[in-house]
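Fancy a few short exercises on reading a protein model? Keep the viewer open and try each task before you look at the solution.

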Amino acid sequence: MLAAISGAHGVAGEVRLKLFADGPDSLKRYGSFEVDGRTLTLTKIRPANHGAVARFAEIADRTGAEAMRGTVLTVARSALPALEEGEYYHHDLIDLPCVSSDGETLGTCVAVENFNAGDVVEIERENGKRFMVPIAAVTVGETQLTIDSDFVE
């Protein structure tokens with residue numbers, strides 16, 4: 001998931017995007033996105049407040065742009081750039097079991113958020129309660145996340 005269409009921009013079919021990638025330029029490398037069995041072809045993108053504004057060849061007017069609100073732009077994992085040693089994609093962390101550095105079972109990673117101060121991992125305990133820890137307090141393993149005990153609620 002690289003972005004979501006958050007609404008129309010103007011009357012000519014441009015859309016506002018909420019970005020989950022590094023920035024507008026990161027979407028340019030893909031060119032097109034599969035959305036509900038159809039292809040959206042990116043023809044133009046530029047930065048905008050809190051995201052980007054884009055034009056897709058298949059969206060001709062404001063009505064078409066408004067109809068796309070909430071649409072998520074995704075690419076196949078095979079299209080993503082290769083990772084260096086120790087790097088990971090956020091979606092790889094979702095559903096991993098979490099343990100504390102003391103060995104306590106904590107629950108499961110349910111989200112990775114970024115509120116403009118760095119990544120934060122959200123963990124759900126078996127009782128349904130959730131807590132968040134900064135990514136700096138997380139050691140990412142192949143089969144689990146280890147959370148520094150000082151950050152465990």
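Below are four exercises on this predicted model, each with a worked solution.

**Exercise 1. Work out how strands 3, 4 and 5 are connected, and find the residue with positive phi in each hairpin.**

Solution. Start with strand 3 (residues 32–35) and strand 4 (residues 38–48). These two run antiparallel and are joined by 4 bridges. For a concrete pair, pick Glu-34: its bridge partner in strand 4 is Thr-39. The hairpin they make has 2 residues between the strands, and Asp-36 in that turn shows a positive phi of about 50°.

Next, go from strand 4 to strand 5 (residues 51–56). This pairing is antiparallel too, with 6 bridges. Here Pro-47 stands opposite Ala-52 in strand 5. Again 2 residues sit between the strands, and His-50 takes the positive phi, near 60°.

**Exercise 2. Find the aromatic pair and classify its geometry.**

Solution. The count for the model is 1 aromatic pair. Phe-33 and Phe-56 form it, with ring centres 6.4 Å apart and 80° between the planes. Planes over 60 degrees apart count as edge-to-face, so that is the label here. Now place the rings on the chain: Phe-33 belongs to strand 3 and Phe-56 to strand 5, 23 residues apart, so the pair links distant parts of the chain.

Are the two rings buried or exposed? The cut-off for buried is under 20% relative accessible area. Phe-33 comes in at 1%, so it's buried. Phe-56 is also at 1% and therefore counts as buried.

**Exercise 3. Decide whether Ser-100 is buried or exposed, and list its contacts beyond four places in sequence.**

Solution. First locate Ser-100: it's in strand 7 (residues 97–100). Its relative accessibility is 3%, so Ser-100 counts as buried. Then skip the neighbours within four places in sequence and see what is left: Leu-106, Thr-146, Ile-147, Ser-149 and Val-152 are in contact with Ser-100.

**Exercise 4. Which residues make the nonpolar surface patch of about 280 Å², and where does Met-1 sit?**

Solution. The patch is made by Met-1, Phe-20 and Val-72. Met-1 lies in the segment before strand 1 (3–9). To check that Met-1 is exposed, use the cut-off of over 50%: Met-1 reaches 59% relative accessibility, so it passes.

How values were computed:
Residues numbered from 1 in each chain as written. Predicted model: local features only at pLDDT ≥ 70, side-chain atom pairs only at ≥ 80, totals over all residues. Heavy atoms only, no water. Buried < 20%, exposed > 50% of the residue type's maximum accessible area, 1.4 Å probe, protein only. Contact = heavy atoms within 4.5 Å. Phe/Tyr/Trp six-rings, centres within 6.5 Å; stacked < 30°, edge-to-face > 60°. Patch = residues over 30% accessible without salt bridge, like charges linked within 9 Å, V, L, I, M, F, W, Y side chains within 5 Å. Areas by Shrake-Rupley, 256 points an atom, 1.4 Å probe, with all protein chains shown as cover. Salt bridge = Lys/Arg side-chain N within 4 Å of Asp/Glu carboxyl O. Pairing = 2+ DSSP bridges.
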